[in-house]
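Biologist: I'm new to reading models like this one. Could you pick a single part, take a close look at it and walk me through what holds on to what?

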Amino acid sequence: MDMYNLSNIEAQFKLFLISGNVSSTTVRNYLSDLRFFLGWSTKNGCGNNLGDLVNEANILKFKNDLIKHGLPEKTINRRLSTLRKLWKFIMTSEDLASNPVIKISNISKKQEPASDNNYTQHQIIDDFKYCLILDSRPDNEVNTVIEAINELLNSVDSK
């Protein structure tokens, strides 16, 4: 991922979007979302290249920060869509095995903005998943644990 450093990513991503025949509004919004994510990444010390920035742990943290700050659902979901499109752009030029952003789901209307004392179950699970990833747990172990927690919560909710 060396060719995509932070100094040239915006212009190249813009060309990719335009070549994909997306509307000028979508290009403008996605570039704005990209700049926002890059600023957030710098503020949070996530790294200096896309390989460091665009990984599942950082995206989960980014998503939870957006929810915590009470951004509208549509804005959060568009920013996540921007990162998914960014990864597609990266994948067109490099031989990459997986897309870490695809594992990050959009939020639903059920999710409330978080406060320090008011996490939703979904946010707690995402934070726990983030901790497992930071602990260098294998992907299959992380997925198995998260699936088990979700099954447990679903069985409790259905009673």
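**A close look at helix H2**

Modeller: Sure, let's start with the whole chain: the protein chain has 7 helices and 0 strands, where helices (H or I, at least four residues) and strands (E, at least two) are DSSP runs, numbered from the N terminus. Along the sequence, that gives the pattern α-α-α-α-α-α-α. Keep in mind that this is a predicted model, in which local features need pLDDT of at least 70 and side-chain atom pairs count only at pLDDT 80 or more, while totals for chains, interfaces and linings use all residues. Residues are numbered from 1 along each chain as its sequence is written, and side-chain values use heavy atoms, with hydrogens and water left out.

Of the 159 residues in the protein chain, 36% count as buried; here buried means under 20% relative accessible area, exposed over 50%, and partly exposed in between (1.4 Å probe, protein chains only). Now for contacts, meaning heavy atoms within 4.5 Å: among those between residues at least 6 apart in sequence, 63% join residues at least 24 apart.

The part I'd zoom in on is helix H2, which covers residues 24-43. H2 has 20 residues and reaches 29 Å from its first C-alpha to its last, close to the 28 Å expected at 1.5 Å a residue (the expected span is 1.5 Å times one less than the number of residues). Its buried residues are Val27, Tyr30, Leu31, Asp33, Leu34, Phe37, Leu38, Trp40 and Ser41. After H2 comes Gly45, whose phi is positive, near 60 degrees.

Did you spot Asp33 in that list of buried residues? Let's follow the charges. Side chains of opposite charge can pair when their charged atoms come close. We call it a salt bridge when a side-chain nitrogen of Lys or Arg is within 4 Å of a carboxyl oxygen of Asp or Glu. By this rule the count comes to 3 salt bridges.

Take Arg78 and Asp33: they form a salt bridge, with their closest N and O atoms 2.7 Å apart. Arg78 lies in helix H5 (residues 73-93) and Asp33 in helix H2, so this pair ties together parts that are 45 residues apart in sequence. The two ends sit in unlike surroundings: Arg78 is partly exposed at 28% relative accessibility, whereas Asp33 is buried, with a relative accessible area of 2%.

Asp33 also forms a salt bridge with Arg79, and there the closest N and O atoms are 3.4 Å apart. This pair again links distant parts of the chain, with Asp33 in helix H2 and Arg79 in helix H5, 46 residues apart. Arg79 is buried, at a relative accessible area of 12%. Put together, Asp33, Arg78 and Arg79 are linked in a network of salt bridges.

H2 has another charged partner to show you. The side chains of Arg35 and Glu10 meet in a salt bridge at 2.5 Å, N to O. Arg35 lies in helix H2 and Glu10 in helix H1 (residues 9-19), so the pair ties together parts that are 25 residues apart in sequence. Arg35 is partly exposed, with a relative accessible area of 42%, and Glu10 is partly exposed too, at 29%.

So when you look at H2 in the viewer, follow Asp33 to Arg78 and Arg79, then Arg35 to Glu10.
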